[in-house]
Amino acid sequence: MQTLFDSRMTMADFIAALFDKLEVAGVAAITKLPSGEKTAYTLLADKDDIEDCVPYFPAMPANAARAVSKLTREAPPSKQVAVFLRPCELRALTELVKIKQALLDNLFIISFDCAGVFPFQEISLSDEAKLKAYRDAVADGKNCEGIRPVCNACTRFVPEGADIAISFIGRGLDEPLALSFPSEKGKEAAKILGLDSSDNVETSPALETLAEARKKAEGELTKKIEETLAGTDGLISVFDKCISCHACSYACPICYCKNCYFDSQTFEYFPESYFARMGEKGALRLPVDRVLFHLGRLSHMSLSCVACGMCEDVCPVNIPVAQIFKTAGTRAQALFDYIPGKNPDEPLPLLTYAETELEEFED
Amino acid sequence: MTALDEVNMDNEVSMNKGIWIEGPVKKGILEFFSGLLSSKKVEAVLMPAKNKSKDSYAWFLMGKDGLLESAEPFPPVMTTQGARALSYLTKKGTAWKKTAVVLRPCELRATIELAKIKQVDLNNLVLISFDCPGAYPLEKYFNEDQKELDEIFGACLSEQVELEGARAVCSICHRFTGRGADIEIGLMGGEAKGFWLIPGSGNGEELLEGVSGSKPDNLEAREKKIAEATIQREEKRNNTLDSFRETVMGPENLMNTLSSCINCHNCSRVCPICFCRECYFDSKALSSEADNMLQRAQRKHGLRLPPDLLLFHLGRMTHMSISCVSCGACEDACPANVPVSMLFSLAGRNTQAVFEYEPGRSIEEPVPYKVFRFEELKDFETPYTKEYAKEQ
Amino acid sequence: MADNGMEPKIVAFLCNWCTFTAADLAGTSRLKYEPNVRIIKVMCSSRVDPVFILKALLDGADGVLIGGCAPGDCHYSKGNFYARRKVALAKKLAESMGLDSKRIRLSWIPASEGPLFARVVNEFTESIKQLGDNPTKREVYI
């Protein structure tokens, strides 16, 4: 566990300090939109614009790793930019760095222990009752009602690999920020912010209790999904409503391909093929390869799936995509003892091998 | 480029042909298709049917022995846009076997637009459409009592009244009949006692030969009813779009309308007209370096990431609004409940008017971008020549 | 032998250098083996994307065989180590998503082992016969 420091700063003070003391050229975080209802992940380059910044607002209108990838992929910033990421977004970013879709140069990564988010359609700035319940849940270290099922079952809600990590759970969103500085870059920052061992505070025991609750929820979710996915019939019924819009892959931070394999010519067939297949089965459902898309996408990204839940948020026909992908992903990752986003130096499982391993898969 | 004056846009429908079939509509239609298949007039039918869990609809290509009992020529929702389904089938060539395709009127129009841009091959296809009462929003259909909704839909279909609780864009649809199809299934004016099969082309006539039914005696009454309803609905459409326009006028209102948009581009992925495999707005053309984005953020007091949200919507309008058939697939697929289909219907109405173009009206009518007249659109030129001549 | 009259369709992805050569050798040696495999030659077993395997299974293949050089003998020195990881992933996903992972088989068959190829094919065909038809074969709603 990292040492925590009482910064005696509010979130606003902290963001101001990023500009003033750490001399960042920009901050990217969830920010209120002028409409006063919704939020968006926004890059701010001026200290005077930070008023509407609400990094902990419980919605994920876009996976921030995807946003950071867009920001840095062509060329990283020439000056420091501070980016706020939820733990799952940070893990996604680490995976994206491994596949060269984002660059970390000059990024100052700030993360926080995350109590989960609501589906983005279901929360806006004026939902006071929901936000109050959320604040209370954070302060008490409990799961808030109404957050997404994958958030509810997320056991990796404490950030790994940030430069500065903020601790909210068990403390509250409105208290002065408790910070830890896991990286070298972070430790430098602690010095600049003037924090030393006299500012140390205890880690909240609520983190442990929440971790247990989450673990239990994860077990229940896995069980539920495994039951629905039993056999070919289960597989078909789960994706029966799918309209093949591929929104899940577009919102997925890991699915970075500009031209998805499943939208490519490979999966466009000549009319002869469609009619021949109709002849075999009597009838052919169009578009074809609907279930294959999901299985194939799993084979492409499940090892890096961070269970951020974006896919489920954007699904127009309410398929529990994220819960399915989290369950299948966790099992696939266990095969290679791999935890996506945990260690930036660990190679992707399919890009490495050991000479003696997995012999149980040979016949 | 072709000069537009050379194109023949004759699209008259023969008025006195057709067959009246008495009895329950859906049963009659399915029998009609079953007859077509067994007499080998067509060898396949593409139409929606219920999915396995019976809680939604999907497109099925059905052969002689595969006409599904759960086939549903008039589904209460639009899951995949029919033109898109047809494009999957024929994008790479002519349908292998003669295929009858049942489409909603807006799907039919989209099909014709796609044929113009070579994403659908119309050869070997018989297009069949019907008088459509509208469709429910997908979200509504999945979250409310489906049985009840199905009943309401059935009643609206046979009574030929507008569907209660239909999608916004359906409630302002003014091209609600199957006109332009090879065979038009006529329900309006039939007083729920049966339906007409009206050929719209030689192809359709051929298919209807030998189909048993009576000669239509009241087609004129139908025409009159359609004409009346069309005028009414056109007025409603224009009024609704005009008042919608008030709410999106000006950059601030437009941004507020789009404020819940998360830039996921799903509207373009389900749009039948947006056929590009790699969308321009996802391409490298619009990606930029971090420093550039920082500058934009500074200048505009914040830059939303991913950027270019407004450009995406406006740009997509420039690419497809002229062909927009107001099918509403975009709004159904929008995870953020942005009124995309209203926005695009509004843009489409106005851009189509410039070229007096109506998407899907006729396959002979070329896409406005691909043709020109020598003398046209003078309103859009800045008349500087007179002043210039004076100075000389 | 389980004789339920079933003639399974097995898609076999064989590497050019070892297993395909072994299949060729089995043929030229006039070894008899079950006629149920449809062979697709790939340059290396690591060319087999898990999607190929899943696509075959969803489109109604009763079994998928992936054949490559024995570990350490890969023509490209380490391709088959990657192949093993990919097949392991495909099996795990198939199992997680309600498909039968016993329909996927990975076997290393060196070029000189015509008889081994025949034996693997016979064995696999037999085990697929015991599993019966792949339910995806006649499934309209997939």
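Domain bounds come from an automatic or database domain assignment. The model is predicted: local features need pLDDT of at least 70, side-chain atom pairs count only at pLDDT 80 or more, and totals for chains, interfaces and linings use all residues. Residues are numbered from 1 along each chain as its sequence is written, while chains are lettered from A and ligands numbered from 1 in the order in which they are written.

**Exercise 1. Describe chain B as a whole, then its domains.**

Solution.

Step 1. Take the secondary structure. Chain B has 15 helices and ten strands. Helices (H or I, at least four residues) and strands (E, at least two) are DSSP runs, numbered from the N terminus.

Step 2. Take the extent. Along the principal axes, the C-alpha atoms of chain B fill a box of roughly 75 × 55 × 40 Å.

Step 3. Test the radius of gyration. This radius is taken over C-alpha atoms, and the globule rule is 2.2 Å times the number of residues to the power 0.38. For 392 residues, a compact globule would have a radius near 21 Å; chain B has 23 Å, which agrees.

Step 4. Split the chain. Domain 1 of chain B is 2-239 and domain 2 is 255-380. Their C-alpha centres lie 27 Å apart.

Step 5. Count the contact between them. Two residues are in contact if their C-beta atoms, placed from the backbone, lie within 7 Å. In chain B, 33 residues of domain 1 are in contact with 29 residues of domain 2.

Step 6. Find the elements on the domain 1 side. Those of chain B that give two or more residues are β1 (2-3), α2 (82-90), α3 (105-116) and α6 (168-171). The largest share, ten residues, comes from α3(B).

Step 7. Sort that side by class. Ala, Val, Leu, Ile, Met, Phe, Trp, Tyr, Cys and Pro count as nonpolar, Asp, Glu, Lys and Arg as charged, and the others, Gly among them, as polar. The domain 1 side in chain B has 19 nonpolar, seven polar and seven charged residues.

**Exercise 2. Work out how α8(B) and α14(B) pack.**

Solution.

Step 1. Locate the pair. In chain B, helix α8 covers residues 219-248 and helix α14 covers residues 340-354.

Step 2. Read the geometry. The two helices pack at an angle of about 110 degrees, with their axes 10 Å apart. Axes are lines fitted to C-alpha atoms, for helices over the stretch in contact, and angles run from 0 to 180 degrees between N-to-C directions.

Step 3. Name the arrangement. Angles under 35 degrees count as roughly parallel, over 145 as roughly antiparallel, 65 to 115 as roughly perpendicular and the rest as oblique. So α8(B) and α14(B) are roughly perpendicular to each other.

Step 4. List the residues. α8(B) contributes L241(B), F244(B), R245(B) and V248(B), and α14(B) contributes M342(B), L343(B), S345(B), L346(B) and R349(B). By class, this contact has six nonpolar, one polar and two charged residues.

**Exercise 3. Divide chain A and follow its domain contact.**

Solution.

Step 1. Mark the domains. Chain A is divided into domain 1 (4-217) and domain 2 (229-361). Their centres, taken over C-alpha atoms, are separated by 29 Å.

Step 2. Count the contact. In chain A, 26 residues of domain 1 touch 20 residues of domain 2.

Step 3. Find the elements. On the domain 1 side, α2 (64-72), α3 (87-98) and α5 (149-152) of chain A each supply at least two residues. α3(A) has the largest share, ten residues.

Step 4. Examine two of these helices. α2(A) and α3(A) pack at an angle of about 40 degrees, with axes 8 Å apart. They are therefore oblique to each other.

Step 5. List their contact. A64(A), A65(A), V68(A) and S69(A) of α2(A) meet E89(A), A92(A), L93(A) and L96(A) of α3(A). Here the classes are six nonpolar, one polar and one charged.

**Exercise 4. Set out what chain A gives to chains B and C.**

Solution.

Step 1. Begin with chain B. The contact takes 67 residues from chain A and 64 residues from chain B.

Step 2. Find the main element. Of the chain A side that touches chain B, α10(A) gives the largest share, six residues. By class, this side has 37 nonpolar, 14 polar and 16 charged residues.

Step 3. Turn to chain C. Here 32 residues come from chain A and 34 residues from chain C. α11(A) gives the most to the chain A side, with six residues.
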